[in-house]
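Student: I've got a fold on my screen and a few labels I'd like explained. Can you walk me through them?

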Amino acid sequence: MNKLLVSPSPHLHTKTSTKSLMRDVVIALLPAVVVSVLFYGWAELLVLGVSVASCVMLEYLITRYMLKKTCTICDYSAVVTGILLALNLPASTPWWVVFIGAVVAIGVAKMTFGGLGQNLFNPAIVGRVFLLISFPTYMTDWTRPQGFIGGGLDALSGATPLANPTLANLEPQFMDMVLGTIPGSVGETSVIAILLGAALLIWTGVASWKIMVSSVIGGLAIGYLGYAVGATDLPGYYQLVMGGFLFGTVFMATDPVTSAQTECGKWIYGFLVGALAVTVRLWNPGYPEGMMLAILLMNTFAPLIDHYVIEGSIKRRAKKVKIA
């Protein structure tokens with residue numbers, strides 16, 4: 001017999017649902033997907049296809065046969081995870097490595113905790129970090145396959161800008177980083193495509209602009225601090241267009257399940273994500289990209305941030321009542 005759950009009024013009804021939210025995220029990811037396919041060609045289509053199909057299939061099988069629950073693949077959350085995972089990988093990643101990443105993202109990081117809304121960490125980031133640790137050669141292979149535009153972009157093969165981040169090397173490439181015609185994980189290279197997605201997420205209210213803005217502020221603050229103390233010869237704004245900073249800020253740090261929920265907490269959470277990401281870049285030469293690790297770490301602390309924000313609000317209100 002089903003239990004009748006009664007909650008206090010007011011009872012608000014809205015057309016917003018998990019399915020509509022995830023659908024909007026998929027649409028926001030389309031500019032990055034289109035750019036990645038145009039620049040990387042069939043190889044990227046294969047990575048996207050394997051990643052999305054594997055995530056959807058694995059969620060269906062685990063939900064249906066292991067958890068014995070209603071199938072959840074129609075809410076698009078598995079599709080979002082598949083796209084995010086694919087866009088965080090080099091286009092040359094073998095299909096079986098992509099599949100392993102999907103197994104970790106869905107099977108370990110998401111469904112182990114009970115599915116969407118209960119996972120502690122962003123599933124796509126967990127999958128990507130696992131692959132980076134397990135298959136570092138494949139995860140740092142920036143050989144660019146033949147693309148569909150520009151007569152093929154394989155001539156631009158080489159190290160990602162983060163591999164040798166000096167002003168002399170990167171100043172001529174600044175517009176390449178904005179456009180996306182540089183080596184790197186396919187989804188993170190085009191700043192324009194990412195900003196288009198950010199605009200859509202903010203317009204639809206799916207993602208928090210507070211987290212995006214505060215992450216950028218945190219990245220700029222540490223970037224210019226590093227520039228001031230001589231840790232780098234790059235002005236702070238370069239940190240925003242290199243590597244996965246903007247992609248992580250827009251599509252992964254803002255994940256409503258794993259990020260801070262309170263309004264003040266979002267500012268703190270976002271600032272720390274950006275600050276930690278650039279800190280890892282500047283002071284850990286063995287690992288030049290810190291965005292994914294920063295988001296995972298702050299996923300851990302997001303509930304604690306919300307706890308102290310709420311506790312502080314309660315204490316302030318109690319003090320006002322006593323004074324009154």
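Tutor: Sure, let's take the labels in turn, bearing in mind that this is a predicted model.

Student: What makes the secondary structure of the protein chain all α in the pattern you read along the sequence?

Tutor: A helix needs a run of at least four residues and a strand at least two. Here the protein chain comes to 14 helices and 0 strands, and the pattern reads α-α-α-α-α-α-α-α-α-α-α-α-α-α.

Student: How many residues of the protein chain count as buried, as a percentage?

Tutor: Buried means under 20% relative accessible area, and 50% of the 324 residues count as such. The protein chain still exposes about 15800 Å², with carbon and sulfur atoms supplying 69% of that.

Student: Why is a space called a cavity and not a pocket?

Tutor: Because a 1.4 Å probe fits in a cavity but cannot get out, whereas a pocket is open. This structure holds 3 cavities of 30 Å³ or more, and about 260 Å³ lies in the largest cavity. Of the 20 residues lining the largest cavity, the closest to its centre are Met 22, Val 80, Leu 84, Asn 122 and Asp 255.

Student: Which helix gives the most to that lining?

Tutor: Helix 3, with 4 residues. Helix 1 (18-40), helix 3 (77-87) and helix 12 (245-252) each supply at least two.

Student: What makes a lining residue nonpolar, polar or charged?

Tutor: The residue type decides: Met, Val and Leu count as nonpolar, for example, and Asp as charged. On that basis the lining of the largest cavity has 13 nonpolar, 5 polar and 2 charged residues.

Note on methods: Residues are numbered from 1 along each chain as its sequence is written. This is a predicted model: local features need pLDDT of at least 70, side-chain atom pairs count only at pLDDT 80 or more; totals for chains, interfaces and linings use all residues. Side-chain values use heavy atoms; hydrogens and water are left out. Buried means under 20% relative accessible area, exposed over 50%, partly exposed in between (1.4 Å probe, protein chains only). Accessible areas come from the Shrake-Rupley method with a 1.4 Å probe; for residues, only the protein chains shown count as cover. On a 1 Å grid over the protein atoms alone, a cavity is a set of points where a 1.4 Å probe fits but cannot get out, and a pocket is an open set with protein on both sides within 12 Å along at least five of seven lines; lining residues have an atom within 4 Å of a point. Grid points are joined across faces, edges and corners, and a volume is the space filled by probe spheres set on the points.
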